[in-house]
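Me: I would like to learn how to read a ligand site and a fold from coordinates. Where do we begin?

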Amino acid sequence: MNIKINKNFLNVSENYLFSDINKRIKEYKEKNPNADIIRLGIGDVTLPLGKSVIEALIKASNEMGNKDTFRGYPPEYGYDFVKEAVKKYYLKNNINLDLDSIFISDGAKSDLGNIVDILGDNKIYIPNPVYPVYLDSNIMSGRIINFINGTQENNFLPMPNKDISNDSVIYLCSPNNPTGATYNYKELKKWVDFALKTNSLIIYDSAYEAFINDKDKPHSIYEIEGAKECAIEICSFSKQAGFTGLRCGFTIIPLELESEGVKLNKLWKRRQATKFNGVSYPVQRAAEAALSDKGIKECMDNINYYMENARMLSEFFDEKGIFYTGGKSSPYIWFKCPNGMNSWDFFDYLLQNANVVGTPGAGFGTFGEGYFRITSFNTHEKTKEAINRLRKLL
Ligand code: MLT
């Protein structure tokens, strides 16, 4: 064959972070088949879906098996019933969304990766460390990337600074994956004001908003005045409602967002209509149910269960006096590796000596080197056992 390939793909790391981790666990398991491994690595939920979600799935599946209620292609941007449910969810925080600004998707990851399609060759600013999808998707489309660095000094909450150019695209993730660090109202307002002043766009990943349990911290960027003129928000049912296996999320592109005389909302509509055929009807009914009052309560029961694990883990790190962020409004705990170890060495050390799997900070960016992420998505029992094992090593 003699075709041209997209050489930008050669500039991303060979494997996606979690594929790399799975490979290492598999190799370790092959050599140590009896190892009792506790997984606190990938942020995948473990508790079953809520009752309301399951009932909605069954009901919608039955409708699909009846000729009077069968449905074919879903609307590319989502059924109005889910969009109405999202609108109602945002109204709880006094945010009034146009139905037309809401796009239902198969998860935040796809939209975060695909959003580059509607953007030109802008200056890109990405937090470091952060969820790898922003960086990889921009490298794949040949963009030159700048970083806004999270450090122990700024508690992994980078703020606007004079080195960020005008007319930029800035990614923010709050509560942050992997650090769990979460902007408060004052800090997020600084970002919104900065974006407005510099004619920049913020792409705001709020996938972990449901874990926020602090009144000082916004659940959505649109709680900040002016954000509809400068921000796209991308959210997910994965962590809020346990949909990692069902797949559903949503993206909000306010009608106010306009550049070079064109509405970004219009571009995304066109992009989705061409490249996306919508989310299946039963899954959209399940998402609607997750946002009903009963559904939200069931989801919060699961989140509170995970947050008890986060509390136990935080208590352990407090007791040890080890620096960490997260664990409060986030399912992630991000801590400093002991004895100046680098994060992949610590990954191997923990796997081999405690049979505990976490995620090396370096996988989230150069400023993650020397740090490590563990999740609270396992059971209470396994989390306690992991803490006992960690206690012997740290
Ligand atoms: C993570 O562990 O960082 C997440 O599960 C990744 C994701 O949400 O795609």
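**Reading the site and the fold**

Reply: Begin with a polar contact. In this predicted model, a side-chain N or O atom of Asn-177 sits 2.9 Å from an oxygen atom of the ligand.

Me: How much of the ligand's accessible area does the protein cover?

Reply: Compare the ligand on its own with the ligand in place. Alone it has 270 Å² of accessible area, and the protein covers 84% of that.

Me: Which polar side-chain atom lies 2.6 Å from an oxygen atom of the ligand?

Reply: One belonging to Tyr-131. The backbone can take part as well: a polar backbone atom of Gly-43 is 2.6 Å from a ligand oxygen.

Me: Which residues surround the ligand, and how do they divide by type?

Reply: A shell is read by listing the neighbours, then sorting them. Here the neighbours are Phe-18, Ile-42, Gly-43, Tyr-131, Asn-177, Tyr-208, Lys-239, Tyr-332 and Arg-373. Five of the shell residues are nonpolar, two polar and two charged.

Me: Why does the radius of gyration of the protein chain agree with a compact globule?

Reply: The test sets the chain's value against one expected from its length. A compact globule of 394 residues would have a radius near 21 Å, and the protein chain has 21 Å, so the two agree. The C-alpha trace spans about 60 × 55 × 55 Å along its principal axes.

Me: What share of the residues is buried?

Reply: Buried residues are 54% of the 394. For contacts with a separation of 6 or more, 74% join residues 24 or more positions apart. The secondary structure amounts to twelve helices and 15 strands.

Technical notes: Residues are numbered from 1 along each chain as its sequence is written. This is a predicted model: local features need pLDDT of at least 70, side-chain atom pairs count only at pLDDT 80 or more; totals for chains, interfaces and linings use all residues. Side-chain values use heavy atoms; hydrogens and water are left out. A residue is near a molecule or strand if one of its heavy atoms lies within 4 Å of it. A polar contact is a pair of N or O atoms within 3.5 Å; within protein, one must be able to donate a hydrogen and the other to accept it, and residues adjacent in sequence count only if both atoms are side-chain atoms. Accessible areas come from the Shrake-Rupley method with a 1.4 Å probe; for residues, only the protein chains shown count as cover. Ala, Val, Leu, Ile, Met, Phe, Trp, Tyr, Cys and Pro count as nonpolar, Asp, Glu, Lys and Arg as charged, and the others, Gly among them, as polar. Helices (H or I, at least four residues) and strands (E, at least two) are DSSP runs, numbered from the N terminus. The radius of gyration is taken over C-alpha atoms; the globule rule is 2.2 Å times the number of residues to the power 0.38. Buried means under 20% relative accessible area, exposed over 50%, partly exposed in between (1.4 Å probe, protein chains only). Contact means heavy atoms within 4.5 Å.
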